[in-house]
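Biologist: I should like to go through this structure with you, one question at a time. Please explain the reasoning behind each answer.

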Amino acid sequence: MNYPDGSDQTRFPVASPCVQVCRLNQNDVCVGCGRTLQEIAQWTRMTEDEKARCVERAAERHASLSSAGSQGF
């Protein structure tokens with residue numbers, strides 16, 4: 001993630017993508033937010049930049065789950 005000043009620093013706290021639909025599919029991916037079980041467990045220990053990247057990956061995963069029409073159950 002690059003910002004106009006050339007830095008890679010997240011400026012604000014990154015909000016959790018959790019939507020309170022906490023169910024994992026067979027691949028240990030949450031069908032509510034798209035994070036993996038490992039990402040969920042590590043969330044509080046991540047830096048803001050790590051959280052931002054996690055949210056981006058989760059959104060991509062969640063979109064893939066949604067577009068495939070399968071949540072893996």
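Biologist: In which part of the chain does Asn-25 lie, and is the residue buried or exposed?

Modeller: This is a predicted model, and in it Asn-25 belongs to the segment before helix H1, which spans 37-42. A residue counts as buried if its relative accessible area is under 20%. The value for Asn-25 is 6%, so the residue is buried.

Biologist: Which backbone atom does the side chain of Asn-25 reach, and at what distance?

Modeller: A polar contact requires two N or O atoms within 3.5 Å. The side chain of Asn-25 meets this with the backbone nitrogen of Asn-27, at 2.8 Å.

Biologist: How many salt bridges does the structure hold?

Modeller: Side chains of opposite charge can pair when their charged atoms come close. For a salt bridge, a side-chain nitrogen of Lys or Arg must be within 4 Å of a carboxyl oxygen of Asp or Glu. The number of salt bridges in the structure is three.

Biologist: What is the distance between the closest N and O atoms of Glu-39 and Arg-57, and how far apart are these residues in sequence?

Modeller: Glu-39 and Arg-57 form a salt bridge, with their closest N and O atoms 3.1 Å apart. Glu-39 belongs to helix H1 and Arg-57 to helix H2, so this pair ties together parts whose separation in sequence is 18 residues.

Biologist: With which other residue do the side chains of Glu-39 meet in a salt bridge, and which parts does that pair tie together?

Modeller: The N to O distance in this salt bridge of Glu-39 is 2.9 Å, and the partner is Arg-61. Because Glu-39 lies in helix H1 and Arg-61 in helix H2, the pair ties together parts 22 residues apart in sequence. Glu-39, Arg-57 and Arg-61 are thus linked in a network of salt bridges. The parts tied together by Glu-39 and Arg-61 lie in helix H1 and helix H2.

Biologist: Is Glu-39 buried or exposed, and what are the relative accessibilities of Arg-57 and Arg-61?

Modeller: Glu-39 has a relative accessible area of 8%, under the 20% limit, and is therefore buried. Arg-57 and Arg-61 both count as partly exposed. Their values are 36% for Arg-57 and 23% for Arg-61.

Biologist: Glu-48 and Lys-51 also meet in a salt bridge. About how many helical turns separate them?

Modeller: The N to O distance between the side chains of Glu-48 and Lys-51 is 3.6 Å. Glu-48 is partly exposed at 27% relative accessibility, whereas Lys-51 is buried at 11%. Both residues lie in helix H2, three residues apart, so their separation is about one helical turn.

Biologist: Which residue lies over the face of Trp-43, and how many aromatic pairs are found in the whole structure?

Modeller: A charge counts as sitting over a ring if it is within 6 Å of the ring centre and within 35 degrees of the ring normal. Arg-35 lies over the face of Trp-43, at 5.1 Å from the ring centre. The search for aromatic pairs, in contrast, returns zero.

Biologist: Which residues make the nonpolar surface patch?

Modeller: Residues in such a patch must have over 30% relative accessible area. Leu-37, in helix H1, is partly exposed at 41% and so passes this limit. The patch covers about 210 Å², and its residues are Leu-24, Leu-37 and Ile-40.

Biologist: What is notable about phi in Gln-20 and Asp-28, and what are the values?

Modeller: Most residues other than glycine have a negative phi. Gln-20 and Asp-28 have positive values although neither is glycine. Both lie in the segment before H1, where Gln-20 is exposed at 68% relative accessibility and Asp-28 is partly exposed at 38%. Phi is near 65° in Gln-20 and near 60° in Asp-28.

Biologist: Where is Thr-47 placed, and what distance separates its C-alpha atom from that of Val-14?

Modeller: Thr-47 is in the loop between H1 and helix H2, the latter spanning 48-68. At 43% relative accessibility, Thr-47 is partly exposed. Thr-47 and Val-14 are 33 residues apart along the chain, and the distance between their C-alpha atoms is 9.3 Å.

Definitions and conventions
Residues numbered from 1 in each chain as written. Predicted model: local features only at pLDDT ≥ 70, side-chain atom pairs only at ≥ 80, totals over all residues. Heavy atoms only, no water. Helix = DSSP H or I, 4+ residues; strand = E, 2+ residues; numbered from the N terminus. Buried < 20%, exposed > 50% of the residue type's maximum accessible area, 1.4 Å probe, protein only. Polar contact = N/O pair within 3.5 Å; in protein donor to acceptor, adjacent residues only side chain to side chain. Phe/Tyr/Trp six-rings, centres within 6.5 Å; stacked < 30°, edge-to-face > 60°. Patch = residues over 30% accessible without salt bridge, like charges linked within 9 Å, V, L, I, M, F, W, Y side chains within 5 Å. Areas by Shrake-Rupley, 256 points an atom, 1.4 Å probe, with all protein chains shown as cover.
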